[in-house]
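Hi,

Here is the structure I said I would pass on. Have a look first, and my notes are underneath.

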Amino acid sequence: MAKGIVIYYSRSGNTKAMAETIAKAMNGADLPTECKSVSDVKADDLLNYDAIVVGSPTYYGHMAGPIKQLFDDAVSFHGKLDGKVGASFTSAANVGGGNETTIMGIVEAMLIAGCVVQGDPQGDHYGPVSIGKPDERVERQCARRGRRVAELTKKLMV
Ligand SMILES: Cc1cc2nc3c(=O)[nH]c(=O)nc-3n(C[C@H](O)[C@H](O)[C@H](O)COP(=O)(O)O)c2cc1C
């Protein structure tokens with residue numbers, strides 16, 4: 001059976017709260033999904049999941065160091081994430097604070113790894129973005145992204 005993981009780095013809890021909402025939605029859409037801090041994940045673990053969702057706070061318009069390290073460590077099995085579903089999300093302090101470049105940086109790494117990343121024509125296009133603590137809008141976006149990742153993964157992994 002297909003399964004998913006939501007991986008996050010979070011110092012003050014905003015990205016973690018988004019991760020939990022996404023993982024809950026993925027489980028609710030019948031894709032068994034774990035939610036883990038990046039400090040509890042080794043790169044090799046990624047091989048065990050069909051859907052990999054990665055969230056980071058926006059740090060200088062990019063992913064935080066521990067998330068980058070996870071991707072860098074994955075070079076040891078480069079090519080083996082090919083065809084898995086990927087998605088990303090971020091929390092930032094400011095509108096225009098570099099949040100979408102952060103998401104796109106993660107998406108770029110996923111594409112290089114061969115992951116399938118779906119955009120969203122109605123919701124946050126590249127992935128959910130929160131400014132500070134997630135509000136109701138962000139919670140809806142995270143739930144929507146989680147559902148969409150689960151639905152795509154189940155379609156692809158039959
Ligand atoms: C080192 C560092 C760099 C940051 N860079 C940015 C930035 O470029 N743009 C921005 O909007 N917020 C920036 N922030 C703020 C965080 O992205 C924001 O507080 C975020 O919500 C923290 O997420 P967390 O609660 O999951 O740790 C930065 C924070 C830190 C600690």
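Below is what turned up on cysteines and salt bridges.

One thing to keep in mind while reading: this is a predicted model.

Let me start with the cysteines. A disulfide is a covalent bond between the sulfur atoms of two cysteines. The count here is 0 disulfides. Why does Cys115 have no such bond? Its closest cysteine sulfur belongs to Cys35 and sits 18 Å away, which is too far, given that a pair has to be within 2.5 Å. Cys142 is in a similar spot: Cys35 again holds the closest cysteine sulfur, at 11 Å, and that is too far for a bond as well. Both of these cysteines are tucked away from the surface, with Cys115 buried at a relative accessible area of 8% and Cys142 buried at 1%.

Now the salt bridges. The structure has 5 of them, and here are some that I looked into.

Lys68 pairs with Asp72, and their closest N and O atoms are 2.9 Å apart. Where do the two residues lie? Both are in helix H2 (residues 65-73), 4 residues apart, or about one turn of the helix. Each end of this bridge is partly exposed: Lys68 has a relative accessible area of 39%, and Asp72 has 36%.

Next come Asp120 and Arg148, whose side chains form a salt bridge with an N to O distance of 3.4 Å. This pair ties together distant parts of the chain, as Asp120 is in the loop between strand S5 (116-117) and strand S6 (129-131), while Arg148 belongs to helix H4 (residues 136-156), 28 residues apart. Asp120 is buried, at 5% relative accessibility.

The loop between S5 and S6 reaches helix H4 through another pair too: Arg137 in the helix and Asp124 in the loop, 13 residues apart. Their side chains meet in a salt bridge at 2.8 Å, N to O. Is each partner buried or exposed? Arg137 is partly exposed, with a relative accessible area of 33%, whereas Asp124 is buried, at 16%. Finally, there is a network: Asp120, Arg144 and Arg148 are joined by salt bridges that share partners.

If you want somewhere to begin in the viewer, try the loop between S5 and S6 together with helix H4, where Asp120 meets Arg148 and Asp124 meets Arg137.

Cheers

How values were computed: Residues numbered from 1 in each chain as written. Predicted model: local features only at pLDDT ≥ 70, side-chain atom pairs only at ≥ 80, totals over all residues. Heavy atoms only, no water. Buried < 20%, exposed > 50% of the residue type's maximum accessible area, 1.4 Å probe, protein only. Salt bridge = Lys/Arg side-chain N within 4 Å of Asp/Glu carboxyl O.
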